[in-house]
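Reader: I would like to learn how to read a few local features. Can you take me through them one by one?

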Amino acid sequence: MSGGRHAVPVDVHLLAVREGKNGSEVLLSRRAGGVYAAGLWHLPSGHVDGPFEDVVTALVRETAEETGLVVDPADVRAAVTVHHRAPSGSARIGILFEVRRWSGTPEIREPDVCDGMDWFPFDVLPDPMVAYCRAGLDAYRAGAGVALHFQEPDDPIGYDCDPALDRLRLVPGIGAGAGAAERGPGAAVKGFAERAVGRVAAWTDVSWARENSRVWQARGAAGGTWFVKVHQNEEFHRREVAALRGWVPGLGGAGPRLVAAAPESRAIVVTAVEGRPLHGMVLTGAEERAVFEAIGALAARVHASPLALHEVAGGGAPAGPYDRMERRLEAARALLEPGDEERVRGAVAMAQASGPLAPVVTHGDLQLRNLLLGADGTVRVIDFARSEPQPRVRDFVRFLDRFEDREDLATAFFTGYGRRPTPAEEAHLVAGAALDAVSGIAFGTRTGDPELVERGRRTLTRLATGSVRPGALLSAGTLPRPGVPHPAGTLPPAHGAEPIALVPSGTDARRHRDGHLPAAVLPSKAAPVSAPPPAGILVRACAVITNADELCLIHRRRPTGDQYSLPGGLRHLGESTTDALVRELAEELGFDALKTPEPPVLRWVQYQRTTRPRTPGLFERLHLVHTLTVPDSDRALIATTEQDADDGARVVWIPVGQAAGLHLYPAVGAVLTGLSGPPDEPVELPAMVDGPYVWR
C-alpha cells in the first residue's frame, strides 16, 4: 500500500439539454480570465464545496451561480461519471448530470470567468473545447455510466479530433450481474424460466414504472442474457406469442427470438436484442433522420409480413379501428377539455367517410419505447403484445407527435417506408391519433404515466387548431387542411374530394328534403353537404322555425348583451342531417318535427371560423340552416324553456322582421327579412369570421 490516502476533487457538470429545430442541443459556456482552460468551451460546472454538500446540491448551486437557471433537485438525472487525469498529472472525478427542466433563461452570471454562453447541437459542438468536457459528452451520448479519460503529459488541454489523442475509455456496466437488484418474478415464473434456459444467477426488474408492466432481465449462471415477461391478460399473451412464432422471425434478427411460452402463467422467455432504447436517447439532427428512415423501413417490413402467419394463434376477429371509441371516450370524458370529444368524433367520422382500409400485420405499439438502436446503426423492435391485423396507419400514430415541427423526420420516415400515406390513410391516421390521445390521457392518469398524458393533450390541442396532420406527409395541395379559409362559393371538402359547389337560388334542379344536395349539381368526386367535413370542423343542424310572422329562438342574457340562437345542435356519428335536426329539436324544445305538415328544408349553409372566449384555438362549424313552418296547433307544443340546458334559457317568439337587428347564432338574421318560399337549392351565406361576428 502506498503512503497516504489519495484524494481527488469532485466536479459537477450541468448537462442542460433541450430540443432544437435540428435535434437535441446542449448548453455550453466559454471560460475566460485567469482560470484553467480560458478561451475554451465547457459545460457549466464547479466543485463540491466540502463534506457538508452532496453532489446534487452542488449541481443546483453551481447552475444558479453560473447560468441563473433554477433547477429542482427532483429533475436532476445522473448521466455519466468521468475519472479524468489532466496533462499536468492531476486527477479528478467529474459527474455529469442531465437536466431537461428548469426555470429562467440562461445568462452569464460570472463575467470575470465566463465570456460566452450558448446552445449547440450535439453534432455541431464549438471549437476549441476542453478535452475533458468533450470526453464526458461523448461518453454520455454513448450511454456509458462510467468513463476514463487519462491524458498523457504532452496532450493538449483542448479537444483534438486526432484519433491518436483520443483518451476516452468507456467502462462497461454490470447489467444484470451480481450487483443488480434481486427483484425477480414469483416462484412459478422463475421455475418456468430456469427450465427453459438453465439456472439464473441474477434477476433485474426492467419493468416500466407503471401498472401491470412485469419484465425482468435474467442473467444465466453459465452466461447469456434473456428477458422474461408476464403479460397482464390472456389476449396480450396470445398476440405476442403469435407474432413471435409467426412474422417476427421474418425480420431477420431485427426482433427477439421466442425461447419458451407458458400460457398458464402468461409468461414468455425471449432472447436479448442488441441495442439501446431510442426513448430518451440524445441524437444529432442527422442521426435522428437516419434513425427515422430506418424505422420507416422496418415498419414496411412488418407490414409486408404474410397475414396468415400472424393469425396462427386462432383468436377471434380483431376489433375494427373504431369499435372501442365509445369505451375510450367514456373512460377519458372527465379528463377532456371542452370541445375535445366533439373534435375526436369529427375526426373519426371523417375517416369513416373516406372508406375502410385493408388490414395488414401491425406491431400495434410502434414507438421509441419499443425500438432499440444497435451499435451498428441497426434499428430493432421489441414488445408485440398489441400486434394484430389492422390498417397500417396504426403503426404511424405514435410518431405524429415527433413529426410536429420536424417535417424532416416525417420525410425520413416515409422515405424509409417507401411511400407516403394516401388521402384515405391520412384521414384514418388523424382519427387514430385522436383516439390514441384519448386513451393515453385516461391510461396515463390511471397508471401515473405523465408522458402519455402530456402527449395526448398535445395531440388534442393540435386537433383543435387543425394542425394534427404533419405537413411533410402530403404533397402540396393534395389535401385540405382544417382551419384554412376556403374559396368563396365553396364549402370545406370531404377528404380527397373537390370543394362542394353551392348552387345559387334559381338553379333548375331538384331539391332534396333530407339535407343532401342533388348529385346532378355537384362536381365529380365531390361529397354531398351532409358528408363529414375535415377533422376539426363539425356540422351543426339548426332550424328557422316560423309560425305566422314570428320566429322561434332560444334567448340567453350574456354580460355583453342578449344572444339569440336557432334551435339545433351537432350531428352525431352516423346520423343524416335531417335525423340530427329532428333529434335536436326534440331534445331542446320537446317538439316532434316529423309530425309537421311539411318536413324541414335545407335553406342556407354558413361556414364559421372564429375565436371564442375562454376556448383556445379556432372555433369552426358548418351550419346547415333549415326552414320549418309550424301551424298554430303545433306551436303550442313547443316548450317555453330549453329542455336540455341547465341555465333555464327561454324559448321566445319574435317577429321575423326584427331578426336582422338581433345578435343571432348563426348569423342569418339579414336573410330572414322578407322570408318567402324556399329556393330551389341551398344558398351559401357569407362566412362567420372575427370582426363581423363577435361571441357573447
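Author: What follows covers aromatic pairs, charges over rings, cis peptide bonds and backbone angles. Keep in mind that this is a predicted model.

Reader: Start with the rings. How many aromatic pairs does the structure hold?

Author: There are 18 aromatic pairs. Take Phe403 and Phe414. Their ring centres are 6.4 Å apart, with 55° between the planes. That makes the pair tilted.

Reader: Which parts does the pair of Phe403 and Phe414 tie together?

Author: Look at where each ring sits. Phe403 belongs to helix H9 (residues 400-403), and Phe414 to helix H10 (residues 407-417), so the pair links parts that are 11 residues apart in sequence.

Reader: Is Phe414 buried or exposed? And why is its pair with Phe413 called edge-to-face?

Author: Phe414 is buried, at a relative accessible area of 4%. For the pair, check the angle. Planes over 60 degrees apart count as edge-to-face. The planes of Phe413 and Phe414 stand at 80° and the centres lie 4.9 Å apart, so this pair is edge-to-face.

Reader: What about the accessibility of Phe403 and Phe413?

Author: Phe403 has 2% relative accessibility and counts as buried. Phe413 is buried too, with a relative accessible area of 0%.

Reader: Which residues form the aromatic cluster?

Author: One cluster is made of Phe292, Phe396, Phe399, Phe403, Phe413, Phe414 and Tyr417.

Reader: Now charges. Which rings have an arginine over them?

Author: Read the distance to the ring centre. Arg134 lies over the face of Tyr159, 4.3 Å from the ring centre. Arg635 has its charged end over the ring of Trp653, at 4.2 Å from the centre.

Reader: On to the backbone. Where are the cis peptide bonds that lead into Pro128 and Pro666?

Author: Read omega. The bond from Asp127 to Pro128 is cis, with omega near 5°. Pro128 is in the loop between strand S7 (114-121) and helix H2 (131-141). Tyr665 and Pro666 are also joined by a cis bond, with omega about -5°. The loop that holds Pro666 runs between strand S29 (664-665) and helix H15 (669-672).

Reader: Last, phi. What is the sign of phi in Ala37 and in Arg266?

Author: Positive, although neither is a glycine. Phi is about 65° in Ala37 and near 55° in Arg266. Ala37 sits in the loop between strand S2 (23-31) and strand S3 (41-42). Arg266 is in the loop between strand S13 (258-262) and strand S14 (267-271).

Reader: Are Ala37 and Arg266 buried or partly exposed?

Author: Ala37 is buried, at 10% relative accessible area. Arg266, at 26% relative accessibility, is partly exposed.

Technical notes. Residues numbered from 1 in each chain as written. Predicted model: local features only at pLDDT ≥ 70, side-chain atom pairs only at ≥ 80, totals over all residues. Heavy atoms only, no water. Phe/Tyr/Trp six-rings, centres within 6.5 Å; stacked < 30°, edge-to-face > 60°. Helix = DSSP H or I, 4+ residues; strand = E, 2+ residues; numbered from the N terminus. Buried < 20%, exposed > 50% of the residue type's maximum accessible area, 1.4 Å probe, protein only. Lys NZ or Arg CZ within 6 Å of the ring centre and 35° of its normal.
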